[in-house]
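Have the model open beside you and follow along, one element at a time. We will start with a small piece and work towards the middle of the fold.

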Amino acid sequence: RCSTTSPSPVQSSSERPAVALFEDFRSLRTKKLMYEWSRGSEMRGHGGADGRPAGLPEDERQVVELPEEPLILPPPDVAASRKVSPRFAGKLSPLGEGSKKLPQALIIGVKKGGTRALLEFLRVHPDIRAVGAEPHFFDRDYGNGLEWYRDLMPKTLEGQITMEKTPSYFVTREAPARISAMSRDTKLIVVVRDPVTRAISDYTQTLSKKPDIPSFESLTFKNRTTGLIDTSWSAIQIGIYAKHLDNWLQYFPMDQILFVSGERLISDPAGELGRVQDFLGLKRIITDKHFYFNQTKGFPCLKKAEGSSKPHCLGKTKGRTHPNIDPEVVQRLRDFYRPFNMKFYQMTGQFFGWND
Ligand SMILES: Nc1ncnc2c1ncn2[C@@H]1O[C@H](COP(=O)(O)OS(=O)(=O)O)[C@@H](OP(=O)(O)O)[C@H]1O
């Protein structure tokens with residue numbers, strides 16, 4: 001169901017039960033710790049340089065997505081053409097069948113949450129076809145139009161779901177309205193991870209590309225003496241999940257958004273994939289038997305990647321060693337995120353166990 005008209009926001013989040021829970025939450029003593037934001041406030045680029053350590057690259061002052069390294073896998077069309085959904089087996093020739101469709105489901109975030117792992121695992125499913133690279137259509141290239149976007153998609157057969165992942169969508173103010181304008185029925189998946197570990201992972205990625213950036217500790221604070229956290233730093237801001245989610249709830253009902261635990265995606269990939277397949281209305285084809293734990297990598301890997309008979313782990317940019325961060329700074333960040341995490345648990349009705 002595509003529309004070209006402007007989407008109207010769905011029921012205001014102030015009418016939602018989740019927010020009623022939040023109201024209860026507001027009465028808690030932790031209320032004082034809440035970082036206030038106003039609906040409609042700009043999420044990007046909170047001013048930039050004020051109080052920030054010198055030498056910070058410009059792109060780190062905003063919510064920016066650093067392009068990730070492409071995964072070395074067969075091109076999606078070739079790979080998928082070897083595998084046709086059992087439903088279509090015998091009915092269709094393998095090459096060139098189907099047509100390009102706009103995605104019916106998107107992995108919208110979060111950056112460093114485990115989005116690549118989720119997409120690679122989902123691609124094993126014969127009823128899912130996905131773009132390998134991040135299209136960044138709804139944040140960077142929206143001006144190119146929906147036909148341009150559709151053309152990036154792999155061909156699908158009837159009954160197959162087209163997907164893509166671009167983790168920066170979750171923190172892009174305009175993304176919910178734009179996605180809703182494409183189709184109000186789009187299913188949204190968000191992989192969330194402990195915001196403190198996520199921030200360190202984000203920093204680790206930047207550090208690997210720009211070894212001269214200031215320390216994580218100095219970037220964390222506006223003023224180290226007062227302990228004021230710099231929420232304009234994208235590594236910090238992205239982890240305020242409740243704030244970003246509030247923006248999505250202006251356009252999509254909660255039951256159209258699935259939250260995947262980044263931690264459980266590592267400890268129990270088949271369990272999380274079961275939930276995702278249910279959400280997408282697909283048969284539970286991806287199960288325990290598709291995974292093995294690779295001791296060297298320290299992560300679950302696929303016994304067989306899509307379009308291949310060989311075991312497959314994610315690339316070396318996934319599962320990097322993080323630098324040691326001053327435990328006091330980590331604790332300060334845990335304290336900072338606690339009320340936001342609580343609000344997020346209440347909004348989603350899910351407990352992610354991030355605060356000890
Ligand atoms: N199976 C498996 N293999 C390797 N890595 C895994 C896996 N499952 C989840 N993860 C975690 O995914 C983290 C990277 O997240 P993303 O893919 O969302 O990053 S990105 O935003 O696309 O750059 C990555 O973060 P770092 O550990 O900080 O590198 C991993 O912890």
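Strand 10 (residues 291-294) and strand 11 (residues 299-302) run antiparallel to each other and are paired over four bridges. Together they make a hairpin with four residues between the strands. If you look for the register, Asn294 sits opposite Phe299 of strand 11. In the turn, Gly298 has a positive phi of about 80°. Please keep in mind that what you are looking at is a predicted model.

Now step back to the whole protein chain. Its secondary structure amounts to 12 helices and 11 strands. Of its 356 residues, 54% are buried. The accessible surface is about 15900 Å², and carbon and sulfur atoms hold 54% of that area. Among contacts with a separation of 6 or more, 75% link residues 24 or more positions apart.

Next comes a sheet to trace. Five strands form an open sheet in the order 3-5-2-6-9, with parallel pairing. At its edges are strand 3 (128-130) and strand 9, each of which pairs on one side only. On average, neighbouring strands of this sheet are turned by 25° against each other, direction ignored.

You can walk across this sheet pair by pair. Strand 3 and strand 5 run parallel and are joined by three bridges, with Ile128 having Ile161 of strand 5 as its bridge partner. Three bridges also join strand 5 to strand 2, again in parallel; here Leu106 stands opposite Glu164 of strand 5. Strand 2 and strand 6, also parallel, are connected by four bridges, and Ile107 has Ile189 in strand 6 as its bridge partner.

Strand 5 deserves a pause. Why can we call strand 5 largely enclosed by the rest of the structure? Strand 5 (residues 161-165) has five of its five residues buried, so the rest of the structure largely encloses it. Both of its faces are covered: Ile161, Met163 and Lys165 are buried on one side, and Thr162 and Glu164 are buried on the other. Lys155, found in strand 4 (residues 155-156), makes a useful contrast. Its relative accessible area is 29%, so it counts as partly exposed, a class that lies between under 20% for buried and over 50% for exposed. The C-alpha atom of Lys155 is separated by 21 Å from that of Ile189, 34 residues apart along the chain.

What packs on the sheet, touching strand 2, strand 6 and strand 9? That is helix 9, whose direction makes about 160° with that of strand 9. Helix 9 is mostly covered, with eight of its eight residues buried. The buried set includes polar and charged names such as Lys243, His244, Asp246 and Asn247, along with Tyr241, Ala242, Leu245 and Trp248.

Helix 9 also has a helical partner. Two packed helices are described by the angle between their axes and the distance between the axes. For helix 9 and helix 12, the angle is about 35° and the axes are 8 Å apart. Tyr241, Ala242, Leu245 and Asp246 of helix 9 meet Phe340, Lys343, Phe344, Met347 and Thr348 of helix 12. Sorted by class, this contact has six nonpolar, one polar and two charged residues.

Helix 5 is another element to find. Six of its eight residues are buried, so helix 5 is largely enclosed by the rest of the structure. Those buried residues are Ala175, Pro176, Ile179, Ser180, Ala181 and Met182. They pack against strand 2, helix 4 (146-152), strand 6 and helix 9.

These elements come together in the largest nonpolar core, which has 34 residues, with Ile179, Leu245 and Trp248 making the most contacts inside it. At least two core residues come from each of strand 2 (105-109), helix 5 (175-182), strand 6 (187-192), helix 9 (241-248), strand 9 (257-261) and helix 12 (327-348). Helix 9 gives the largest share, four residues. Apart from this core lies another, of 27 residues, among them Ile189, Val191, Leu302 and Leu314.

To finish, click on Ile179. Leaving aside residues up to four places away in sequence, Ile179 touches Leu106, Ile108, Phe138, Tyr169, Thr186, Leu188, Trp248 and Phe252.

Terms used:
Residues numbered from 1 in each chain as written. Predicted model: local features only at pLDDT ≥ 70, side-chain atom pairs only at ≥ 80, totals over all residues. Heavy atoms only, no water. Core = buried A, V, L, I, M, F, W, Y, C linked by side-chain atoms within 4.5 Å. Buried < 20%, exposed > 50% of the residue type's maximum accessible area, 1.4 Å probe, protein only. Contact = heavy atoms within 4.5 Å. Areas by Shrake-Rupley, 256 points an atom, 1.4 Å probe, with all protein chains shown as cover. Axes fitted to C-alpha atoms, helices over the stretch in contact; angles between N-to-C directions. Pairing = 2+ DSSP bridges.
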